[in-house]
Amino acid sequence: MKRILVATDKPFAKVAVDGIRKEVEAAGYELALLEKYGEKAKLLEAVKEADALIIRSDVVDAEVLDAARQLKIVVRAGAGYDNVDLAAATAHNVCVMNTPGQNSNAVAELAFGLMVMAVRNFYNGTSGTELKGKKLGIHAYGNVGRNVARIAKGFGMEIYAYDAFCPKEVMEKDGVKALDSAEELYATCQVVSLHIPATAETRNSIGYDLVGKMPKGGLLVNTARKEVIDEAGLLKLMEERTDLKYVTDIMPVNHAGFSQLEGRYFSTPKKMGAQTAEANINAGIAAAKQIVGYFTEGCEKFRVNAKL
Ligand code: 3PG
C-alpha cells in the first residue's frame, strides 16, 4: 500500500487534513502525518517509508531526498517551490509539483490587511489615510497579483502592474495599467505589493535604488518572499527616508534592525498569507488529488522539475 506523508511544520487546518485523508484513503493509500516537527531529523526519519510527500514551506533538499528511498513525488501545497531542490529531485527521479492558484486569494486578502494597518498608522490612535484613490503597484501579475487587482478595485484604488512575463493585454483586460519596468512601477505608485517568486534573478532585487524611487509616503507590502529583499539596502533607505513604510508577512533576517523604524515597520511573527482554512483545504486537497492522478494515470500537469 502506498504511503502518503503530509509533512508540515506549519500545520494545515484540521478540516484540510480530514479532506486530504479522504482523498488518499479513497484511492486505497495510507496517510501519515508529521506536523510541527521542528527538527529536520524527524523529517528525515518520517520520509523513509513515504511514496509521496505533501509539504508547504518545508525544505526538501538532497539530504531529505537521500533519506526518502521510496519517494516518487513531492507536491508543494502552494505556489512557491523555492524550498525544494529541483535539480536534486530530478537526480533522484522524483517528480515535484505545486498547486498554483489554490491559496492565492488568502495571500491577496492578507496583503490588504497589511495595507490597511499601515495606512491607519498601525492603529495607534492618530489620523491615518485611506486606500481609496491611491496608486497601487502590483509587482508581478500571477495568481496572487490578479486577486490583489480584483480586491483593489473594491477599495477604489488606481491599479498599475509590472510583470516581465505576463502579456500586457492580460493586465489591461482586468482594468490594470501595464507598465514597462519595475522602476516605472515604483516611481508611479504610493503602494507597491510584491508578488515575485524567489529565483536567482529576483533574490536581493528589491532595495535602495528601486524602493527609493517611490513617491513621498510610499508603502512597500511583501507577502512574497524575504529573499527578494535586499535588507541592508532597504533599511539604509528607510533610515534616510522617514516617510517610507514596510509591512511584510515574511520576517526579515534583520527583524531587529527594521524594528528600530518605529511606526513604519511590521512583520507577522510567522508567514500567515496562506494560513486560512479555505486555502489549506484548496491546496491540500489539490495536492492529494495530484498525487492520486500521478500514480493512477501518470498525470504530470503541474510538474515543475525536469525529468531524468
Ligand atoms: C506559497 O508559496 O504558496 C505561499 O507562500 C504559502 O506558503 P505556506 O504554505 O508556507 O504558508
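In this predicted model, the shell of residues around the ligand breaks down into five charged, four polar and two nonpolar ones. The full cast is Lys10, Arg56, Ser57, Arg76, Gly78, Ala79, Gly80, Asn103, Arg225, Lys271 and Ala274. Some of these residues come with a distance to an oxygen atom of the ligand. For Ser57, an N or O atom of the side chain sits 2.4 Å from such an oxygen, and for Arg56 the side-chain value is 2.9 Å. Gly80 joins in through its backbone instead, with an N or O atom 2.8 Å from a ligand oxygen. How much of the ligand does the protein bury? On its own, the ligand would expose 320 Å², and 95% of that is buried by the protein.

Arg76, one of the shell residues, also leads over to the sheet. It belongs to strand β4, which covers residues 73-76 and runs parallel to β5, with four bridges joining the two. Across from Arg76, in β5, stands Asn98.

Zooming out, five strands make up an open sheet, lined up as β2-β1-β3-β4-β5 and paired in parallel. The edges are taken by β2 (30-35) and β5 (95-98); each has just a single partner strand, so one side of each has no neighbour in the sheet. On average, neighbouring strands are turned by 20° against each other, ignoring direction.

Then there are the helices. Helix α1 (residues 14-26) lies across β1 (3-8), β2 and β3 (52-55), and runs at about 155° to β2. Helix α12 (residues 277-297) packs on the sheet too, where it touches β1, β3, β4 and β5. The direction of α12 makes about 160° with that of β3.

Definitions and conventions:
Residues are numbered from 1 along each chain as its sequence is written. This is a predicted model: local features need pLDDT of at least 70, side-chain atom pairs count only at pLDDT 80 or more; totals for chains, interfaces and linings use all residues. Side-chain values use heavy atoms; hydrogens and water are left out. Two strands pair if DSSP finds at least two bridges between them. Axes are lines fitted to C-alpha atoms, for helices over the stretch in contact, and angles run from 0 to 180 degrees between N-to-C directions. Contact means heavy atoms within 4.5 Å. A residue is near a molecule or strand if one of its heavy atoms lies within 4 Å of it. A polar contact is a pair of N or O atoms within 3.5 Å; within protein, one must be able to donate a hydrogen and the other to accept it, and residues adjacent in sequence count only if both atoms are side-chain atoms. Accessible areas come from the Shrake-Rupley method with a 1.4 Å probe; for residues, only the protein chains shown count as cover. Ala, Val, Leu, Ile, Met, Phe, Trp, Tyr, Cys and Pro count as nonpolar, Asp, Glu, Lys and Arg as charged, and the others, Gly among them, as polar.
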